[in-house]
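Me: Please take a close look at one loop in this model, residue by residue. Then place that loop in the wider chain, with the backbone oddities and the helix packing elsewhere.

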Amino acid sequence: MPAASDDKRTVTIAAIARLAGVSVPTVSRVLNGRADVSPHTRKRVEDLLSQHGYRRRPPSMRANSGLVDLVFNDIDSPWAVEIIRGVEDVAHAAGVGTVVSAIHRRTSSAKQWLDNIRTRSTEGVIFVTSTLEPPLQSELRRLNIPVVIVDPAGVPPQESPTIGATNWVGSLHATEYLIGLGHRRIGFIAGPPQLMCSRARLDGYRAALESAGIPVDDTLIRPGNFYHEAGFAGGTELLALADPPTAIFASSDQMALGVYEAVRQRTLRVPDDISVVGFDDLPEVRWCSPPLTTVRQPLAEMGLLAARTVLRLARGEQIESPRIELATELVVRDSAVAPKQ
């Protein structure tokens with residue numbers, strides 16, 4: 001067992017975690033008396049805390065300088081900018097810099113990013129719409145770097161907090177709104193199937209139809225990826241059906257704007273000929289013609305909460321809940337009306 005430090009004030013949670021072979025959040029849970037730690041691990045951590053004379057520093061003495069890493073698969077999207085804005089607001093107030101990276105779903109990019117992390121200090125990492133592969137999880141755990149995930153793809157690691165929105169409820173309400181206007185043939189353009197938020201939005205659409213006694217017609221569902229091109233392609237296919245939908249619900253605003261272009265190219269009009277609803281409430285959709293009815297997803301707030309959470313973990317503080325969903329809200333504008341009789 002390593003000897004106790006001569007200057008006990010310099011002992012950190014990260015150092016204790018490294019010696020115990022556990023994550024920083026695990027040490028934090030022990031310090032805060034949480035029950036979700038195995039007895040063996042708890043005793044090992046407590047012994048190290050006692051041996052090294054760890055004393056929790058008062059808030060005024062806690063270091064909060066350094067960097068926060070914000071990692072996207074891609075950043076060529078307005079919704080990414082909104083998340084960055086939320087993270088930046090918190091980081092700036094805390095005197096912490098933000099490093100934004102895009103790993104483009106490529107193994108080589110992820111490896112390069114990890115190599116960069118090893119060469120510098122970071123308070124923690126925020127992953128957006130990402131899958132943490134086991135080797136990456138293992139290395140970040142070994143480095144004692146806290147991780148928070150925004151809109152996880154797949155099932156997130158149990159020890160990593162997640163921030164999301166009420167995607168199922170938002171999609172349910174949007175579809176119910178169209179049904180309330182009188183629509184019965186409602187097209188849907190889905191998001192990437194690997195993302196939990198995409199699956200929740202599709203499920204919410206299906207649930208609203210089934211609740212209203214409207215059979216789910218799979219010919220009215222088109223695949224997408226949240227970008228304009230997918231919305232244009234899906235909208236074009238739906239409008240070309242022998243019995244086209246009277247409304248299209250695109251599960252992102254960018255895809256909804258792609259549907260707008262598909263409608264225009266068929267010399268039709270929104271909402272006179274077809275109603276369109278989106279999801280996100282990006283700043284520009286209130287200025288398109290007509291202004292888009294959409295589900296507001298609090299993207300900046302999600303980024304803000306993710307940054308607050310990762311900084312609290314870095315300081316060894318307890319968080320209220322490891323799984324947080326922020327409320328969505330249907331924003332009614334001018335792109336959806338009752339169908340023509």
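The reply starts at the loop and works outward.

Reply: The model is predicted. The loop to look at lies between helix 10 (253-265) and strand 9 (275-280), and Arg-269 sits in it. Thr-267 is in the loop between helix 10 and strand 9 as well. So is Pro-271.

Start with the backbone. Most residues other than glycine have a negative phi, and most peptide bonds are trans. This loop holds an exception of each kind. Thr-267 is not a glycine, yet its phi is positive, at about 55 degrees. The bond between Val-270 and Pro-271 is cis, with omega about 0 degrees.

Now the surface. Is Thr-267 buried or exposed? Thr-267 has a relative accessible area of 70%, so it counts as exposed. Arg-269 has 56% relative accessibility, and it therefore counts as exposed too. The cut-off for exposed is over 50%.

What does Arg-269 touch, once its neighbours within four places in sequence are set aside? It is in contact with Val-263 and Ile-274. Val-263 falls within the span of helix 10, 253-265.

One spatial link leads out of the loop. Arg-269 and Pro-290 are 21 residues apart in sequence, but their C-alpha atoms are 9.5 Å apart in space. Pro-290 has a cis bond of its own: the peptide bond from Ser-289 to Pro-290 has omega near -5 degrees. Pro-290 lies in the loop between strand 9 and strand 10 (293-296). Strand 9 thus borders both loops, that of Pro-271 and that of Pro-290.

Asp-151 offers a contrast to Thr-267. Its phi is near 50 degrees, again positive in a residue other than glycine. Asp-151 is in the loop between strand 4 (147-150) and strand 5 (162-165). Is Asp-151 buried or exposed? At 9% relative accessibility it counts as buried, whereas Thr-267 is exposed.

Step back to the whole chain. It has 11 helices and 12 strands. Of its 341 residues, 51% count as buried. The exposed area is about 15,800 Å², and carbon and sulfur atoms supply 53% of that area. Take the contacts between residues at least 6 apart in sequence: 73% of them join residues at least 24 apart.

Next, the helix packing. Two packed helices are described by the angle between their axes and the distance between the axes. Three pairs follow.

Take helix 4 (residues 78-93) and helix 11 (residues 299-314). Their axes come within 7 Å and cross at roughly 40 degrees. That angle makes helix 4 oblique to helix 11. The crossing of helix 4 and helix 11 is right-handed. Helix 4 contributes Trp-79, Glu-82, Ile-83, Arg-85, Gly-86, Val-87 and Val-90 to the contact, and helix 11 contributes Leu-299, Ala-300, Gly-303, Leu-304, Ala-307, Arg-308 and Leu-311. By class, the contact of helix 4 with helix 11 has nine nonpolar, two polar and three charged residues.

Helix 7 (residues 167-181) packs on helix 8 (residues 196-211). The angle is about 35 degrees, and the axes are 7 Å apart. The crossing of helix 7 and helix 8 is right-handed. On the helix 7 side, the contact residues are Asn-167, Trp-168, Ser-171, Leu-172, Thr-175, Glu-176 and Ile-179. On the helix 8 side, they include Cys-197, Ala-200, Arg-201, Asp-203, Gly-204 and Tyr-205. The contact of helix 7 with helix 8 counts nine nonpolar, four polar and three charged residues.

Last, helix 1 (residues 13-20) and helix 3 (residues 39-51). Their axes come within 10 Å, with a crossing angle of roughly 130 degrees. Helix 1 is therefore oblique to helix 3. The crossing of helix 1 and helix 3 is right-handed. Ile-16, Leu-19 and Ala-20 of helix 1 meet Arg-44, Val-45, Leu-48 and Leu-49 of helix 3. Six residues of this contact are nonpolar, none is polar and one is charged.

Back to the loop, in brief. Thr-267 carries the positive phi, Arg-269 is exposed, and the bond joining Val-270 and Pro-271 is cis.

Conventions: Residues numbered from 1 in each chain as written. Predicted model: local features only at pLDDT ≥ 70, side-chain atom pairs only at ≥ 80, totals over all residues. Heavy atoms only, no water. Axes fitted to C-alpha atoms, helices over the stretch in contact; angles between N-to-C directions. Helix = DSSP H or I, 4+ residues; strand = E, 2+ residues; numbered from the N terminus. Parallel < 35°, antiparallel > 145°, perpendicular 65-115°, else oblique. Left-handed = near helix turned anticlockwise from the far one by under 90°. Contact = heavy atoms within 4.5 Å. Nonpolar A, V, L, I, M, F, W, Y, C, P; charged D, E, K, R; others polar. Buried < 20%, exposed > 50% of the residue type's maximum accessible area, 1.4 Å probe, protein only. Areas by Shrake-Rupley, 256 points an atom, 1.4 Å probe, with all protein chains shown as cover.
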